[in-house]
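Hi,

Here is the structure I promised to pass on. Have a look at it first, and then read my notes underneath.

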Amino acid sequence: MKARPDVNCVVHSHPPYATAFGALGQRLRPISHEGNIFYDGLPTFDYTTALIRTPELGVEVAKSLGKCRGVLMKNHGSTVVGETIELATLYAIFLEKAARIQLMATASGDPSWTSDEEAAVKYEQIYTPHRLESMWEYFVRRAKKFRKSS
């Protein structure tokens with residue numbers, strides 16, 4: 001957060017598909033709409049696979065992240081950032097889906113993907129503030145429904 005004044009929330013997790021994808025050292029491609037979120041890059045932090053427990057390691061993660069929305073952590077998970085809790089949470093959810101889709105597609109053959117130029121356009125078209133708010137509300141409704149059924 002010190003390195004990025006635009007960041008107000010950091011989400012770090014260990015989702016299975018993003019963790020597996022991070023171990024491959026491949027570039028995340030915009031195969032799905034969710035992949036377009038990371039059109040400007042999704043670096044891999046490979047300085048260590050251990051826990052980030054010192055300020056020095058935190059600085060290394062921030063360096064790897066750069067100006068991107070997220071970073072894969074080799075054999076460790078993923079970290080995404082956003083201006084709000086809602087946005088960072090959505091990016092974390094969508095990173096996991098994008099990784100899952102790319103893993104499925106590459107396991108089945110040689111997939112095609114959107115060009116970098118078109119991915120930037122699609123990101124602007126799909127992830128407008130209004131649509132992001134609707135997406136957040138959808139996940140809130142799902143969580144409330146799940147909680148009621150538990």
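**The nonpolar cores**

Within the largest nonpolar core, which has 25 residues, Phe 38 and Tyr 127 are the ones that touch the most other members. Several elements give two or more residues to this core: strand E1 (9-13) and helices H1 (16-22), H3 (85-108), H4 (116-126) and H5 (129-149). H3 has the largest share, at 10 residues. Before you go further, please keep in mind that this is a predicted model.

What does Tyr 127 touch once its neighbours within four places in sequence are left aside? The contacts are His 33, Glu 34, Ile 37, Phe 94, Lys 122, Leu 132 and Met 135. There is also a second core, separate from that one, with eight residues, among them Phe 45, Cys 68, Val 71 and Val 81.

**The sheet**

On to the strands. Four of them make an open sheet with mixed pairing, and the order is E1-E4-E3-E2. E1 and strand E2 (44-45) are the edge strands, each pairing on one side only.

As a reminder, strands of a sheet pair through backbone hydrogen bonds, and the pairing is either parallel or antiparallel. You can find both here. E1 and E4 run antiparallel and are joined by five bridges; if you want a place to start looking, Cys 9 stands opposite Gly 82 in E4. E2 and E3, in turn, run parallel, with two bridges between them, and Thr 44 is found opposite Leu 72 in E3.

Strand E3 (residues 70-73) is worth a look from either side, as both of its faces are covered. Gly 70 and Leu 72 are buried on one side, and Val 71 and Met 73 are buried on the other. Val 71 is also one of the residues in that second core.

**Pockets**

How much space lies in the largest pocket? It comes to about 470 Å³. Its lining has 18 residues, and those nearest the centre are Met 1, Val 10, Gly 58, Val 61 and Ala 62. E1, helix H2 (55-65) and strand E4 (77-82) are the elements that give two or more residues to this lining. H2 gives the most, with six residues. Sorted by class, the lining of the largest pocket has 12 nonpolar residues, four polar and two charged.

The second largest pocket holds about 150 Å³ of space. The residues lining the second largest pocket are Glu 83, Thr 84, Glu 86, Leu 87, Leu 90, Pro 129, Leu 132, Glu 133 and Trp 136. Leu 132 may ring a bell, being one of the contacts of Tyr 127. H3 and H5 supply at least two residues each to this lining, and H5 gives the most, with four. By class, the second largest pocket is lined by five nonpolar residues, one polar and three charged.

**One cavity**

Searching the whole structure for cavities of 30 Å³ or more turns up one. Its volume is about 50 Å³. Around the cavity you will find Arg 27, Leu 28, Pro 30, Gly 35, Phe 38, Tyr 39, Gly 41, Leu 42 and Asp 116. So Phe 38 comes up again: besides lining the cavity, Phe 38 is one of the two residues that touch the most other members of the largest core. By class, the cavity lining has five nonpolar, two polar and two charged residues.

**Two loop residues**

Finally, a couple of loop positions. Ser 32 lies in the loop between H1 and E2. Is Ser 32 buried or exposed? With a relative accessibility of 9%, Ser 32 counts as buried, because the cut-off for buried is under 20%. Outside its neighbours within four places in sequence, Ser 32 is in contact with Ala 98 and Ile 101.

The other one is Asn 75, in the loop between E3 and E4. Most residues other than glycine have a negative phi. The phi of Asn 75, however, is positive, near 55°. Asn 75 has a relative accessible area of 45%, so it counts as partly exposed.

Best wishes

Notes: Residues are numbered from 1 along each chain as its sequence is written. This is a predicted model: local features need pLDDT of at least 70, side-chain atom pairs count only at pLDDT 80 or more; totals for chains, interfaces and linings use all residues. Side-chain values use heavy atoms; hydrogens and water are left out. A nonpolar core is a set of buried Ala, Val, Leu, Ile, Met, Phe, Trp, Tyr and Cys residues joined through side-chain atoms within 4.5 Å. Buried means under 20% relative accessible area, exposed over 50%, partly exposed in between (1.4 Å probe, protein chains only). Contact means heavy atoms within 4.5 Å. On a 1 Å grid over the protein atoms alone, a cavity is a set of points where a 1.4 Å probe fits but cannot get out, and a pocket is an open set with protein on both sides within 12 Å along at least five of seven lines; lining residues have an atom within 4 Å of a point. Grid points are joined across faces, edges and corners, and a volume is the space filled by probe spheres set on the points. Ala, Val, Leu, Ile, Met, Phe, Trp, Tyr, Cys and Pro count as nonpolar, Asp, Glu, Lys and Arg as charged, and the others, Gly among them, as polar. Two strands pair if DSSP finds at least two bridges between them.
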